[in-house]
Structure formats: C-alpha cells, structure tokens
Amino acid sequence: MILRRGQKVEIYKKSKDESWEDYMDNFVGLHGVVTDPDTTKNDPDALIEVSLHGKGTHRFPQDCLRVLEE
Amino acid sequence: MTHSTCKVFETVNNLTYLIDSGRLIRPRLQQRAKDLLKLLKDISLGTGGPAHLSVIFKSLAEIQIEHGSDETCMAFIQIVGGALDAHKEVFVSHIETHNCPTGDCAKLAPAPCQTSCPAGIDVPGYITLIGQGRDAEAIELIRKDNPFPWVCGLVCTHPCEFMCVRARIDTPIAIRDLKAFAAERAMSEGGYKNLDKDPDNENKVCIIGAGPAGLTAAYYLVLNGYKVTVIEALPYGGGMLMVGIPRYRLPREVIDREVAMIEELGVDFRYNTRLGVDVTLEQLKKEEFDAFFIAIGAHSFFKMGIPGEEDFPQVIDAITFLRRIAMGDRHMPGKRAAIIGGGNVAIDAARTALRLGSEEVTIVYRRTRVEMPASEEEIYQAEEEGINFSFLTIPIEVHGSDGMVNGLRCTRTELGPEDESGRRRPIPVKGSDYMMDIDTVISAIGQEIDPIGLIPLDDLQWSRRKTIVVHGPNMETTSPGVFAGGDVVLGPATVVEAIGAGKKAADAIDRYCRGIPQPTLPPVPVRRQRLDCQEVPAPTKMALHRPEMPLLGTERRRITFQQVELGYTENMAREEARRCLRCDICIRCGTCVEICRDKMKINALQLGYFDFDHPVETDFRVTAEKCILCGACATNCPTGAMKMEDRGDERVLMLSGTILNRLKLEYCQLCGAVLGPARYHDYITKRIDDISQRIGDKRLCVECARKALAQQHAEIAPPAVRE
C-alpha cells in the first residue's frame with residue numbers, strides 16, 4: 001500500500017507501534033485525508049500525516065490506516 | 001464514526017430537561033436553575049467569559065447551603081456540579097478557544113481548515129480579512145498562532161486545503177497562496193507587526209535549535225514574558241528553512257525578515273554554537289534554565305551503501321549539498337549529475353544542480369513515476385525545467401579514477417508482486433547492468449537525527465526510529481523539564497508541524513514553570529474572531545475559479561535562483577478569498593436542506609458538499625429557481641449561517657454570505673404591510689385554497705384578510721324566517 005497525498009483513509013484499528021498514544025484510541029473509526037505521506041522513500045515504517053475529519057492533523061503508523069478510495 | 005458528546009452541550013440539555021420537568025418545585029430554586037442555564041448557554045454559544053465559571057461555582061455553593069436537603073436540589077447540583085468537577089477543562093476550553101471540538105455546540109463548531117492546521121490558525125478569519133483588503137490585520141491574526149505566515153505562505157504543505165470544503169464543489173481555496181500574498185503586502189507596507197508582549201517574568205528557557213519549531217517556541221515564550229536563549233549551530237536562524245529549502249522556493253529575505261521579527265522581541269540568539277561541540281548540556285544547565293526545548297531537526301543523512309560512495313569528493317549527500325549552496329557556494333557540482341532517490345529532497349537537489357550549471361541532471365529512482373514519493377507539483381516543475389528521470393534503476397557502484405567520478409554503474413529493475421506492506425518491490429533484472437555517464441552523484445535517500453550533544457541526557461527516551469519520545473499533547477520528554485519538538489521527534493516532517501510543535505511546547509513549558517497540570521489531549525484551535533461574511537451572489541460564487549499561480553519562465557528558472565512562484569495579483573487574491581464558504585459559521589448540519597425538502601416540499605437547496613465521505617453535486621444557483629423565500633431554513637439554522645432579510649423592496653436569502661435568492665416584496669393592498677414575495681404568497685394560497693375562502697384577487701395581509709372576510713359575512717343576508 002503506497003499512500004499518496006489526498007487519498008481518503010480510515011483509522012480502522014489501533015496500532016501496536018510505539019508511536020501510538022492513548023489519546024489516539026478515540027480516533028479509531030474516523031476518516032481523513034493523507035496530507036503528508038513519506039515524501040522521501042515510501043518507507044512502510046514511516047509515520048504518515050493524516051488530517052482527520054473534525055479531529056485535527058496527526059502522524060500515524062501505517063498499520064492502522066486503510067485506504068477508502070483511490 | 002466515533003462521536004463523543006460535548007459535556008457543555010450535555011449539561012445544558014440535562015439542566016433544560018430538569019427545569020422543564022417541573023421537578024424543581026421551590027420558586028427560588030427554579031430561578032437559580034434558570035440563571036445557571038443562562039450562564040451555561042453563554043459558554044455553549046461562545047459568549048461566556050472567565051467570570052462565568054467562578055459565578056457558576058459560587059452559585060452552586062450557595063444553592064447547596066440554601067436547599068441542600070432537597071432531593072431535586074441534589075439532582076440539580078449533580079447535573080451542573082458533577083459535569084464541572086469531571087470536565088472542567090472542557091468548559092474552560094470553550095471559553096478560551098471559542099471552539100467546541102465535537103461540534104455539538106453549533107455556534108462553536110470549528111472549521112475543517114482550522115482544525116486540520118497543525119498550528120491551528122483561524123483560516124476563515126484571515127481569508128475573510130484578505131477578501132476585505134485588510135492584509136495587515138490578516139497577518140496579525142495568523143501570527144497569534146504561527147509566527148511565520150510568509151514562510152508558510154510559500155512552503156507549507158497546506159493540510160487545510162485537503163480538508164477545504166470548497167474542494168467538494170470544485171477546487172479548494174488557495175489558502176497558502178493567499179497567506180503569502182497578505183504577508184508580502186503587510187511586510188511591504190509596514191503593517192507586519194509583533195504582538196504585544198507580557199511583562200517579563202523571572203523564568204529562563206533554553207531552546208536548542210533555531211529552526212521553525214525552536215523559533216516558534218521562542219516567539220510564544222518571549223511574548224509570555226520568558227527570558228529565552230536560543231542555541232544555534234548555523235550563523236543565522238531558520239534551520240532547515242534556511243539550509244534545506246532551495247531559494248527558488250523560499251527566498252532568504254523571507255526567512256531573514258520573519259526571524260528578525262522574533263529577534264526584535266529580545267530573544268538571545270547564540271549563533272555558531274553547536275551543542276556537544278561548542279557548548280555542552282552540562283554547561284547550559286549551569287546557567288540555571290528552568291526548562292529546555294530541543295528542536296535540533298534531522299540534519300543527518302542515510303548512506304547508499306554502495307562501493308565507491310566514500311572514495312570520491314564528487315559523491316555527496318543532498319542535505320550537505322543543499323546546505324552548502326544555501327550558505328553561498330555557487331559552484332556547479334558537475335556537468336552530468338545523477339541524483340539518487342525519488343523524494344522531494346531529490347527533486348530539490350536536481351533543480352538546484354541545474355541552476356548551478358549542470359548540463360545534464362538525471363534523477364535515478366528504483367520504481368516508476370507513479371510510485372515516486374515526491375509531490376506531483378514538484379515532479380511536474382522539475383520535468384518542465386528539463387530534469388531527466390531514469391526510472392526502474394538502482395545504482396550499484398560509483399566508478400572513477402584519479403579521484404574523479406566518471407560513471408555510475410546501474411542495474412535495471414522490474415516491479416515484483418506486492419509485499420506484506422502492499423508495495424511492489426523493485427527486483428533487479430539479471431544482466432541489465434549498464435554504465436551511466438556522469439561525473440557527480442548526489443544521494444537523497446533519507447534523513448535522520450544526529451544525536452551528538454544529547455547523549456549526556458541519559459534519561460531521554462529514544463524511539464526505534466531514532467527520534468526522541470515525547471507525550472504528543474505537550475511535547476514533554478522523559479527527562480524532567482526537557483521538551484522536544486519538530487523533526488527530532490517526528491523524523492523529517494513538515495514546516496507547519498514543526499511550528500505546531502513549537503507552539504504546543506511553549507504552552508507546556510509555561511505550564512511546567514507555573515506548576516499547572518499538562519493537557520492530556522491535543523490542543524483545541526482558538527477561534528479568534530467571528531467576522532461577518534462577505535456577500536457574493538450565487539452565480540458569482542459558482543463562477544469564481546481558483547486562479548493559477550503565475551510562474552517564472554522556464555528559461556530563467558533553469559539558470560537563476562529567482563522565486564519560481566510569482567504570487568497572486570491583488571485582484572486574484574481578493575476574488576479567491578470570496579470563494580470561501582465560511583465553514584466556521586455554516587456547520588453543514590443539513591437542517592436547512594431537510595426542512596426545505598421534507599417539510600416545505602420545495603427542495604430548493606442543492607448543497608451536495610455537506611457530506612465529507614460522499615459529497616454530491618452542489619449548485620447554489622438552483623435555489624433561485626425554486627425557493628419561495630419562506631424562511632423555514634433560516635429560522636431553523638442553528639448557527640445563523642442561513643439568513644433571510646428584507647432590504648428595501650426585496651427579500652434576500654443568504655448562506656454564509658452567498659446570496660441564494662432575492663425576490664421583490666409585495667405589500668398588502670389595503671394597509672401596506674409587507675406580505676413577502678409573490679412566489680411565497682402563491683405557494684401559501686395554493687396550500688390553503690381548499691380550506692379557506694379567497695378574497696377576490698387582492699393581496700392582503702392576514703389582518704386585512706380577516707377584516708375583509710368578516711365584512712363579507714356581514715353582507716350575507718340571513719335566511720328569511722317563516723311565519
């Protein structure tokens with residue numbers, strides 16, 4: 001899964017990554033838009049910037065993201 | 001989607017229910033409840049001040065003394081006091097930010113653009129001010145949340161535009177470009193000013209790194225009265241803004257002017273001072289700083305790990321290359337340069353090499369153009385300038401002789417099946433090796449943090465990504481009194497994220513120094529103003545299109561570092577600002593559409609942009625075709641975004657300033673009272689035709705119609721009485 005700017009995504013589960021913080025539990029189920037993917041090398045381990053609908057912009061590990069539409 | 005109810009909104013509802021239930025029997029208690037409800041509604045509507053909470057607490061205490069034993073009194077106290085005890089911060093946040101994060105308090109629902117901005121800028125506010133020609137005020141508004149409006153106007157990745165509701169109709173508002181326009185104007189006209197500073201306090205804060213995160217923290221701390229010292233390795237401020245972003249995207253003067261505004265506030269800058277080399281943490285600690293903020297960025301780089309990489313001076317990394325050029329070196333790196341990597345930094349390095357005179361610049365990337373991580377806009381501009389791309393290519397060895405590079409051995413790849421991460425791995429094609437004729441190699445395959453200087457902080461926790469671990473809402477590290485933000489926490493990230501982190505850290509440091517508890521959730525952006533909407537007729541609102549950014553000619557772009565984006569003209573900027581839908585006022589709840597369609601059966605509102613996930617067609621012009629100006633939509637609008645007004649001989653309907661419909665008014669032919677438009681009158685007449693008598697063809701108000709009808713009845717002769 002290569003994430004691109006502008007793609008709609010869903011936080012569909014909690015991540016097991018160490019960068020996942022407790023307050024992020026409230027974001028599960030929310031939809032958003034990828035605003036800054038890894039612009040260096042498409043690293044699957046990179047944290048991806050996502051703007052969540054009504055909940056601000058945050059960086060997430062990729063294992064909790066699901067693409068909603070191309 | 002998940003949704004939690006706002007505690008202010010919930011308390012207002014619960015108290016209203018209790019009052020309406022009639023359970024509060026004692027008149028005095030009833031009055032007390034109504035008074036408190038009024039105060040709570042103020043908070044929910046954004047008109048509450050700091051005194052509201054103290055009055056509520058005082059009232060609750062008095063009520064408890066007066067009516068403590070009463071069972072209903074206990075319920076009352078439980079509703080208000082219980083909510084305040086458990087969620088006081090939510091009430092305070094409503095008062096301070098004028099935003100309700102859940103959007104339940106309709107008048108305080110934040111606009112998506114503001115919510116998505118990592119710095120939390122009041123976007124609708126400044127767009128409106130720019131639309132009105134008030135550029136300096138727009139910049140003053142922005143600088144309440146971001147000290148770098150000009151820098152961000154040129155290089156921000158603009159998450160706001162991705163969430164812009166206008167994009168659901170056509171294209172997002174050019175928020176970033178409008179900011180650049182206003183900043184340039186304000187600076188040029190002398191209207192770019194610092195905010196007022198609080199009186200000095202005794203606290204001292206040390207900031208390590210003068211990049212966007214460090215400078216932002218310095219700005220807000222010094223405004224708060226702190227004595228701030230900034231340690232910076234470079235001879236000037238700006239960090240990656242200065243040495244990582246090429247001048248054709250961000251002119252040096254822009255950074256210098258905005259950094260100078262921060263210097264003007266009295267921040268003590270110690271330039272040419274590298275942590276761990278020129279000064280140690282131990283030495284800094286001896287200066288008795290109350291808190292530290294680490295914002296050293298990610299200035300180190302990954303190596304390619306191929307033979308020959310370390311053997312020639314013509315093989316350099318992009319970070320060093322860009323820094324050298326930013327600091328004044330204008331030597332051509334080589335006539336034929338190969339740039340390794342497919343990200344934004346690779347594009348920056350390639351375009352910079354071209355401007356320095358390299359005759360042939362080739363970006364070598366192991367996958368295809370579709371997989372390139374660089375932004376589409378950057379790739380397009382590089383292609384325009386004549387940068388070559390060698391896709392599906394992996395460098396395997398740098399060749400050279402006598403200390404000079406003379407070729408890069410590469411191998412062709414093909415994309416294999418998707419791996420577990422969903423990416424198609426590039427697989428080398430056997431026997432496809434070939435020599436690329438080049439004399440310079442610039443690698444741009446990623447950055448990392450250089451932790452030298454931070455090693456003595458042995459209680460600092462590092463992540464497996466080699467970044468500092470912080471608590472996101474307040475940027476607090478595991479080392480007491482030490483905060484961190486920007487790339488050193490996120491890895492290479494965006495300018496506006498660094499600014500947001502600096503702002504959060506400044507607030508957290510202030511709390512730390514004053515002994516106030518830290519927030520547990522990310523901050524709620526502050527609504528700075530609720531400005532009146534600009535009026536724009538619906539056809540204009542639909543016809544206005546996002547202007548294309550004028551660019552420097554390609555010929556000149558290839559040979560100079562002049563800014564590529566030339567900026568909007570005044571007319572372009574003002575017109576673009578008028579496209580804004582003012583989502584800080586209209587919360588897209590859909591009540592107007594439902595009432596018009598389901599209750600009035602008119603269906604005059606084609607507002608398909610309301611839904612985030614499934615927007616459908618929007619056309620503001622349709623309203624004028626069907627709308628009867630009954631006002632049902634405006635009456636039921638929870639935020640006042642939909643307004644209906646009589647102006648002279650017209651009735652006008654507006655949604656956040658967009659004039660959806662305007663019709664001539666009719667007047668009672670007997671008394672002259674306003675009746676509404678003919679279309680409305682016809683609609684009503686048709687609806688009541690079967691149940692009410694018509695009074696000829698006259699247009700009459702209700703009062704006159706009643707009188708006329710009574711007159712008709714009086715004229716009817718009673719039946720003759722039989723003798």
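Here is a short chat about chain B of a predicted model.

Biologist: What makes a residue count as buried, and what share of chain B is buried?

Modeller: The test is 20 or more other C-beta atoms within 10 Å of the residue's own. Of the 723 residues in chain B, 44% are buried, because they reach that count.

Biologist: How do you know that residues of chain B are in contact with chain A?

Modeller: Two residues are in contact if their C-beta atoms lie within 7 Å. By that cut-off, 37 residues of chain B are in contact with 31 residues of chain A. Helix 5 (112-116), helix 9 (159-163) and helix 16 (344-355) of chain B each give two or more residues to this side. Helix 9 of chain B gives the most, with 3 residues.

Biologist: What makes a residue on that side nonpolar, polar or charged, and how do they divide?

Modeller: Asp, Glu, Lys and Arg count as charged, so 5 residues of the side of chain B that touches chain A fall in that class. Another 15 are nonpolar and 17 are polar.

Biologist: Which contacts in chain B join residues at least 24 apart?

Modeller: Among contacts between residues at least 6 apart in sequence, 70% do.

Biologist: How is chain B divided into domains?

Modeller: Happily, the bounds come from an automatic or database assignment. Domain 1 covers 7-104 and domain 5 covers 591-712, while domain 2 joins 112-193 with 539-577. Domain 3 is 204-299 + 449-514, and domain 4 is 303-371 + 379-445. The centres of domain 1 and domain 3 of chain B are 42 Å apart, taken over C-alpha atoms.

Notes: Residues numbered from 1 in each chain as written. Chains lettered and ligands numbered in written order. Predicted model: local features only at pLDDT ≥ 70, side-chain atom pairs only at ≥ 80, totals over all residues. Buried ≥ 20, exposed ≤ 12 C-beta atoms within 10 Å, placed from the backbone. Helix = DSSP H or I, 4+ residues; strand = E, 2+ residues; numbered from the N terminus.
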